[in-house]
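I opened this notebook to keep track of what I looked up, one topic at a time. The entries below follow the order in which I went through the model.

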Amino acid sequence: MSLAIDILSGLGDKSPAAIVVTANGRRLLLDAGGALHPGDPTTWARGLAVDAVIISHDHIDHIGGVSELDPETPLYCTPLVASALPKGRAWQPLPERGTCWIEGIPVTTGQAGHSLGGVWIHLGVEGGIFYSGDACLESRLFPFDVPPSARIALLDASYGTYDQPQQACVDAISEHLNRPLVFPVPESGRALEMALWLASEADARGLSIAVDPSIRANLKTLLELPATLRRPGADEAIAALLAREDAATPSLRLISDRDDTAAQWPGYQLLHTGYLTPSRCAELAADKILWQRWNVHLRASHLVALADQVGACQVVPLFTSLAEPGLSAWRALLGPRLHALPTLHTALHPTFHLEAWSPA
Ligand SMILES: [Zn+2]
């Protein structure tokens with residue numbers, strides 16, 4: 001028996017996530033990412049046949065390619081993520097935290113600290129395969145669950161070897177708050193924690209805010225989840241924000257990102273906090289928008305800590321450039337554990353058997 005991992009997309013640059021794991025004679029697709037840039041084709045899915053699809057979270061670069069797959073292929077995701085599937089797409093529930101069996105393979109999931117309903121995925125084969133999806137250890141709202149041990153770790157390296165703590169990001173954004181700002185953000189991710197932070201900053205500075213209805217709806221959903229699915233201590237602030245009315249002419253606006261451009265918001269500066277498309281890079285270069293990261297992915301030292309934590313022998317940094325000097329930097333960080341090729345084949349670990357796992 002052998003195991004194969006084929007990274008169809010997501011290795012070598014910030015690109016859609018699509019990873020096929022072949023184990024026990026079955027083929028599982030981890031994530032089905034769609035194009036990050038409007039209009040780009042999704043090429044990895046052409047002619048692809050798998051036994052099941054497991055989706056980590058509802059961001060476009062992880063779920064947007066589902067429409068390219070055979071609609072009959074069984075698909076697993078958490079109920080909150082399912083609402084982002086193409087209309088009518090059948091799905092089966094993945095636990096927010098727990099173990100289920102998919103195609104005879106034990107699949108454990110846990111909170112990834114990145115988005116509403118988002119999970120990491122652990123396959124109980126070959127000493128463990130851990131796929132972080134998008135993950136963050138610094139969220140003020142979303143918990144991160146410690147994953148089981150894994151010989152192979154496929155980790156979110158979207159930030160490359162960047163390693164700035166979240167507090168430094170927050171401090172840098174604070175310095176812009178004295179002018180009218182619009183923050184376009186993914187509504188199921190950092191939007192929720194930024195909403196709470198902006199509300200507290202607005203109160204401290206006597207500023208007015210408005211929060212997009214879709215972001216409010218997701219905060220309400222988060223508050224209604226079992227308390228163990230959010231960081232402790234935030235409930236009061238969430239409830240207060242939901243009770244707060246939007247200002248008619250706010251100086252700070254948190255909006256769901258719908259590809260807004262600077263021209264759509266006269267009188268405001270757009271402040272982006274995440275990935276910039278090429279057109280937005282051009283806007284930034286022309287001083288038309290502001291940019292300051294709000295951490296929602298693993299920074300380098302956290303990625304290494306996670307690789308250590310699971311005891312990985314092979315670590316694949318995903319969603320980042322592996323051209324030099326990046327490759328050498330990753331080699332320095334990970335040592336011989338670094339694996340930077342799109343395929344990873346291995347014979348079944350002699351001390352590990354599928355039968356050693358039992359469903360939780
Ligand atoms: Zn994401």
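**Entry 1: a histidine in a loop.** I began with His 297, which I found in the loop between β16 (residues 290-291) and α8 (residues 300-310). I kept in mind throughout that this is a predicted model. Is His 297 buried or exposed? I noted a relative accessible area of 8% for His 297, and because buried means under 20%, I entered His 297 as buried.

I then looked up what surrounds His 297, leaving aside its neighbours within four places in sequence, and wrote down contacts with Lys 14, His 114, Asp 134, Ala 135, Cys 136, Asp 156, Ser 158 and Tyr 159. With which side chain does the side chain of His 297 make a polar contact? I found that the partner is the side chain of Asp 156, at 2.7 Å. I also checked a residue further along the chain, and the C-alpha atoms of His 297 and Ala 329, which are 32 residues apart in sequence, turned out to be separated by 18 Å.

**Entry 2: the zinc ion.** Two of the contacts of His 297, namely His 114 and Asp 134, came up again when I turned to the metal. I listed the residues that coordinate the zinc ion as His 57 through NE2, His 59 through ND1, His 114 through NE2 and Asp 134 through OD, at 2.1 to 2.3 Å. Along the chain, these donors follow the spacing H-x1-H-x54-H-x19-D.

Why is the arrangement around the zinc ion irregular? I saw that the four donor atoms subtend angles of 90 to 164°, and because four donors count as tetrahedral only if all angles lie between 85 and 135 degrees, the upper end of that range does not fit a tetrahedral arrangement. I looked up two of the donor residues for burial as well: His 57 is buried with a relative accessible area of 1%, and His 59 is buried with 13%.

**Entry 3: another histidine, in α8.** I moved on to His 302, which lies in helix α8. His 302 counts as buried, at 17% relative accessibility. Apart from its neighbours within four places in sequence, I found His 302 in contact with Leu 137 and Glu 138.

**Entry 4: the open sheet.** I traced five strands that form an open sheet with parallel pairing, in the order β13-β14-β12-β15-β16. I noted that β13 (residues 209-211) and β16 stand at the edges with a single partner strand each, so one side of each is left without a neighbour in the sheet.

Going through the pairs, I found that β13 and β14 pair in the parallel sense over three bridges, and that Ala 210 has Arg 253 in β14 as its bridge partner. β12 and β14 are also parallel and pair over five bridges, with Leu 254 in β14 as the bridge partner of Phe 183. β15 and β16 run parallel and are joined by two bridges, and I saw His 272 standing opposite Trp 291 in β16. I checked the covering of β14 (residues 252-256) too, and four of its five residues are buried.

**Entry 5: one side of a helix.** In helix α3 (residues 166-174), I listed Gln 166, Cys 169, Val 170, Ile 173 and Ser 174 as buried. They cover an arc of only 140° around the axis, which puts them on the same side of α3. An α-helix has 3.6 residues a turn, so residues three or four places apart point the same way. What covers the buried residues of α3? I found that the cover includes β12 (residues 181-185), α4 (residues 190-205) and β15 (residues 269-272).

Conventions: Residues are numbered from 1 along each chain as its sequence is written. This is a predicted model: local features need pLDDT of at least 70, side-chain atom pairs count only at pLDDT 80 or more; totals for chains, interfaces and linings use all residues. Side-chain values use heavy atoms; hydrogens and water are left out. Buried means under 20% relative accessible area, exposed over 50%, partly exposed in between (1.4 Å probe, protein chains only). Contact means heavy atoms within 4.5 Å. A polar contact is a pair of N or O atoms within 3.5 Å; within protein, one must be able to donate a hydrogen and the other to accept it, and residues adjacent in sequence count only if both atoms are side-chain atoms. The arc is that of the directions from the helix axis to the C-beta atoms. Two strands pair if DSSP finds at least two bridges between them. Donors are N, O and S atoms within 2.8 Å of the metal (3.2 Å for Na, K and Ca); water is not among the atoms, so sites may look incomplete. Four donors count as tetrahedral if all angles lie between 85 and 135 degrees; four count as square planar and six as octahedral if opposite donors are over 155 degrees apart and all others between 65 and 115; anything else is irregular.
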